[in-house]
Amino acid sequence: MQSPTNWHNVLLTDSGFYYNNELDKPLDLIINSFKSMLQKPFIEATVLFIPTAAMQDEQKATEITNRLKNELLRMGILENNITIHDIDGSLAEEDAMKFDVIYLTGGKTPYLAKRVLETGFDEIIKKMIFANKVYIGMSAGSMLLTPHFNIDDINNPQFTGLGIIKAYFSVHCDKDAKNRTDLPFPHITLQENQAIELSFLGYKLIDGNLQYDKGQTS
């Protein structure tokens, strides 16, 4: 699929929308980015929620689904408007396109990429992005859009991502982590509570940490 020249509305988070997973500590800069992309009230939004990256571990899948779903509910998205889907090839493209938002959660990126590519779900993801549906990634769901999600073995096709963003990610980094300079594309170290706004024009770092730790910089 060939990409158009005016797509936007991609938000790639490290760990979601709330500081330290606490629902009384919203990361307003990241939430406001989502709100701006959505261009409708949260109460009206429909979300295709995909926890596939975590599905190899039932306990992990339940934990991450509940946590991130609760974040969406806290923002005002209605529970009946959240549809949970584990990628299996059963979702038709026309049904996926009815949603305002597609949200791919964290977990195991190689497992997620394998399921996405084997089922042809990569084409649905691209079509939704290029139609300016809102794509939300968290951890593995963010790394899926990179050219390659193992920066120590970038020539191994097993770790090939969708290449929507021309950069590599390392997620869940501490504030002293350094970006590597020896890779074909820029390397971005994402900390908990940071996110990337992505469009056809490029990308921008959003540092939600600044709300709760005034001494921390991107």
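# Exercises on a predicted protein model

Just after helix α5, residue N132 takes a positive phi of about 65°. The structure used in these exercises is a predicted model, and each task below is followed by a worked solution.

**Exercise 1. The chain as a whole**

Task: State how many helices and strands the protein chain has, and explain why it can be called as compact as a globular protein of its length.

Solution: We begin with the elements, which are six helices and nine strands. The next step is to take the radius of gyration of the protein chain, 16 Å, and to set it beside the 17 Å that the globule rule gives for 218 residues; the two values are close, so the chain is as compact as a globular protein of that length. The box filled by the C-alpha atoms, taken along the principal axes, is roughly 40 × 40 × 40 Å. Turning to burial, we find that 52% of the 218 residues are buried. Finally, among contacts between residues at least 6 apart in sequence, 65% join residues at least 24 apart.

**Exercise 2. Confidence along the chain**

Task: Find the mean pLDDT of the protein chain, and say over which residues the pLDDT is below 50.

Solution: The mean pLDDT of the chain is 93, and 94% of its residues reach 70 or more. The stretch with pLDDT below 50 covers residues 214–218, and in the model this stretch has 11 contacts beyond near neighbours in sequence.

**Exercise 3. Helix α5**

Task: Decide whether helix α5 is largely enclosed by the rest of the structure or not, and name the elements that its buried residues pack against.

Solution: Helix α5 spans residues 121–130, and eight of these 10 residues are buried, so the helix is largely enclosed by the rest of the structure. The buried residues are F121, D122, I124, I125, K126, M128, I129 and F130. As a last step we look at their surroundings: they pack against the strands β1 (10–13), β2 (47–50), β4 (101–104) and β5 (134–138), and also against the helices α3 (93–96) and α4 (109–119).

**Exercise 4. Buried or exposed?**

Task: Classify I136, R115, S199 and N155 as buried or exposed, using a cut-off of under 20% relative accessible area for buried and over 50% for exposed.

Solution: We take the residues one at a time.

- I136 is placed in strand β5, and because its relative accessibility is 0%, it counts as buried. I136 touches L11, F17, F34, V101, I102, Y103 and L104, when residues up to four places away in sequence are left out.
- R115 belongs to helix α4, and its relative accessibility of 15% makes it count as buried. Leaving out residues up to four places away in sequence, R115 touches T52, D86, I87 and D88.
- S199 lies in strand β8, which runs over residues 194–199, and with a relative accessible area of 17% S199 is buried. Not counting residues up to four places away in sequence, S199 touches W7 and H8.
- N155 sits in the loop between α6 (140–143) and β6 (168–173), and its relative accessible area of 73% means that N155 is exposed.

**Exercise 5. Distances in sequence and in space**

Task: Give the separation of I136 and T119, and then that of N155 and K98, both in sequence and in space.

Solution: I136 and T119 are 17 residues apart in sequence, and from C-alpha to C-alpha they are 20 Å apart in space. For N155 and K98, the separation is 57 residues in sequence and 37 Å in space, again taken from C-alpha to C-alpha.

Technical notes:
Residues are numbered from 1 along each chain as its sequence is written. This is a predicted model: local features need pLDDT of at least 70, side-chain atom pairs count only at pLDDT 80 or more; totals for chains, interfaces and linings use all residues. Side-chain values use heavy atoms; hydrogens and water are left out. Helices (H or I, at least four residues) and strands (E, at least two) are DSSP runs, numbered from the N terminus. The radius of gyration is taken over C-alpha atoms; the globule rule is 2.2 Å times the number of residues to the power 0.38. Buried means under 20% relative accessible area, exposed over 50%, partly exposed in between (1.4 Å probe, protein chains only). Contact means heavy atoms within 4.5 Å. pLDDT is the predictor's confidence in each residue, from 0 to 100.
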